[in-house]
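Biologist: I have a model open and would like to learn how to read it. Can we go feature by feature?

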Amino acid sequence: MNLSESLKIAIKCIRANWMRSVLTMLGIIIGIGSVIMIVGAGTGVRDYIVSLIEDMGSNAVMVSVDTTSADDSDYITLEDVDNIKTKVNGVERCSPMMIGFASATIKNVTGTTTSATATIVGVNADIQYAMASECAYGRFFTDEEYSSSSPVALIGSNSADLAFGYQDVVGQYMTVSSSGATMNVKIVGVADIESLVSGVSSMSDMTSMFTTDSGVMIVMFMPCTTLLQITGADSTLSTIFVIGEDEADNDAIANATVNYLKAAHGNYSSSIYQSQNMATYVEIVDIIISVLTMFIAGVGAISLIVGGIGVMNIMLVSVTERTREIGIRKSLGAKTKVITLQFLTESIILCLIGGIIGVVLGVAGAYAVCAIVGVSPSVTWWIIFIALLFSCGVGLFFGIYPARKAAKMSPIDALRRE
């Protein structure tokens, strides 16, 4: 008997007992499906979170002031920002990070006026080198516009959609007011900056989070010097972004920047200044989510063992039911390896069919789960290949004992059984 004949007999036996076969495959289906769903959805969530951190500047170091214990003299100044770029070794760029709030009035294409609350991030032109993506439309403001406190701004892509009804709003104006000051601000660029501020990137999330009773909330980048004129706030800073030269050691740059600030403000003994390497966040998040995904997938894979035991149990039942058939075949000259191959083939086919169904359900489940949280799953071909290979391995491993038991059966004893 060749392999093709074994396949035909195995498929015939499975079809003859299709309900029992389906119930036997359930453990394999659940195990494979849960593993693929967890790995696919977990990898998609990991990629999404990592991309958010990269949008915040994975090549940058964020240096902040511990505001709970800092005195007024400890805060970072705009002069410090300029000195860090010129005096700290390895630093190529440095940007302030100041958050301000204002009310905005926008006249959109329909001629109607939209009121909005604006979250304004005061930065300089260097911050663009820490962003993962370039401007979708227009440009970033220049060093000259920063120095002259020009009334220009970069608006978020989703903010432009909410406020104006479309994204390419370069050249449009909005009236921004805060603390009694009003300024007509020109939009010079559009970029995906919402994720930097709020970790929100989808339009549906933007609509739910940035819509308020009084209008919408928009996010903008503006020269820090211009923001100070609008809000009238103090020019001191609690956070800055430091960007190193190519192939520079970010940890060394962080330490050098902290040491400079301690020297400039005369507080060597304190721990007022704290540094955070954004690339380290990417690595930590990647490791944590990957470990959690593998752990949960491992727990889900336990059902594969349960399913394998079920396959072994059913194959033993099948051997008992087909004792006379085995006896007849052996008395007609069937060799031990032929009987073994027949039952192993049936076991592997059961697990392979269960694996294929599990793969389909797992991929569908990964897309369904990710659709709920608003991310894209990551189901690669190698995950599917390993899942199918593993399901065949389960069939082979748990089918060996029943197959060997059938093959070693004495033809005389087998023919005597009822």
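Biologist: Which residues of helix 5 are buried?

Modeller: This is a predicted model, so take each value as computed. Buried means under 20% relative accessible area. In helix 5 the buried residues are Ser157, Asn158, Ser159, Ala160, Leu162, Ala163 and Phe164. That is seven of the eight residues in 157-164, so helix 5 is largely enclosed by the rest of the structure.

Biologist: What follows helix 5?

Modeller: Look at the backbone angle just past the end. Glycine 165 comes next, and its phi is positive, near 95°.

Biologist: How do I judge the length of helix 9?

Modeller: Compare its reach with the span expected at 1.5 Å a residue. Helix 9, residues 250-265, has 16 residues. From first C-alpha to last it reaches 22 Å, close to the expected 22 Å. Glycine 266 follows helix 9, with a positive phi near 65°.

Biologist: Which residues of helix 9 are buried, and what covers them?

Modeller: List the buried residues, then look for their contacts. The buried ones are Asn250, Ile253, Ala254, Thr257, Val258, Tyr260, Leu261, Lys262 and His265. Their cover includes strand 1 (60-65), strand 2 (91-96), strand 11 (239-244) and strand 12 (273-277), along with helix 3 (78-87).

Biologist: Which residues make the nonpolar surface patch of about 750 Å²?

Modeller: For a patch, look for nonpolar side chains at the surface. Here they are Ile284, Ile288, Leu292, Phe295, Ile296, Val299, Ile302 and Val306. Take one of them, isoleucine 296. Isoleucine 296 sits in helix 10, residues 278-321.

Biologist: Why does isoleucine 296 count as partly exposed?

Modeller: Partly exposed runs between the buried limit of 20% and the exposed limit of 50%. Isoleucine 296 has 42% relative accessibility, so it counts as partly exposed. Isoleucine 386 is also in that class, because its value is 44%.

Biologist: Where does isoleucine 386 lie?

Modeller: Check both the element and the neighbours in space. Isoleucine 386 belongs to helix 13, residues 381-407. Between isoleucine 386 and isoleucine 32 there are 9.9 Å, C-alpha to C-alpha, at a sequence separation of 354 residues.

Biologist: And the whole chain?

Modeller: Start with the elements: 14 helices and 12 strands. Then burial: 48% of the 418 residues count as buried. Then contacts: of those with a separation of 6 or more, 78% join residues 24 or more positions apart. Last comes the surface. The accessible area is about 20,000 Å², and carbon and sulfur atoms hold 60% of it.

Terms used
Residues are numbered from 1 along each chain as its sequence is written. This is a predicted model: local features need pLDDT of at least 70, side-chain atom pairs count only at pLDDT 80 or more; totals for chains, interfaces and linings use all residues. Side-chain values use heavy atoms; hydrogens and water are left out. Helices (H or I, at least four residues) and strands (E, at least two) are DSSP runs, numbered from the N terminus. Buried means under 20% relative accessible area, exposed over 50%, partly exposed in between (1.4 Å probe, protein chains only). Patches are made of residues with over 30% relative accessible area and no salt bridge: like charges are joined within 9 Å, nonpolar side chains (Val, Leu, Ile, Met, Phe, Trp, Tyr) within 5 Å. Accessible areas come from the Shrake-Rupley method with a 1.4 Å probe; for residues, only the protein chains shown count as cover. A salt bridge is a side-chain nitrogen of Lys or Arg within 4 Å of a carboxyl oxygen of Asp or Glu. The expected span of a helix is 1.5 Å times one less than its number of residues. Contact means heavy atoms within 4.5 Å.
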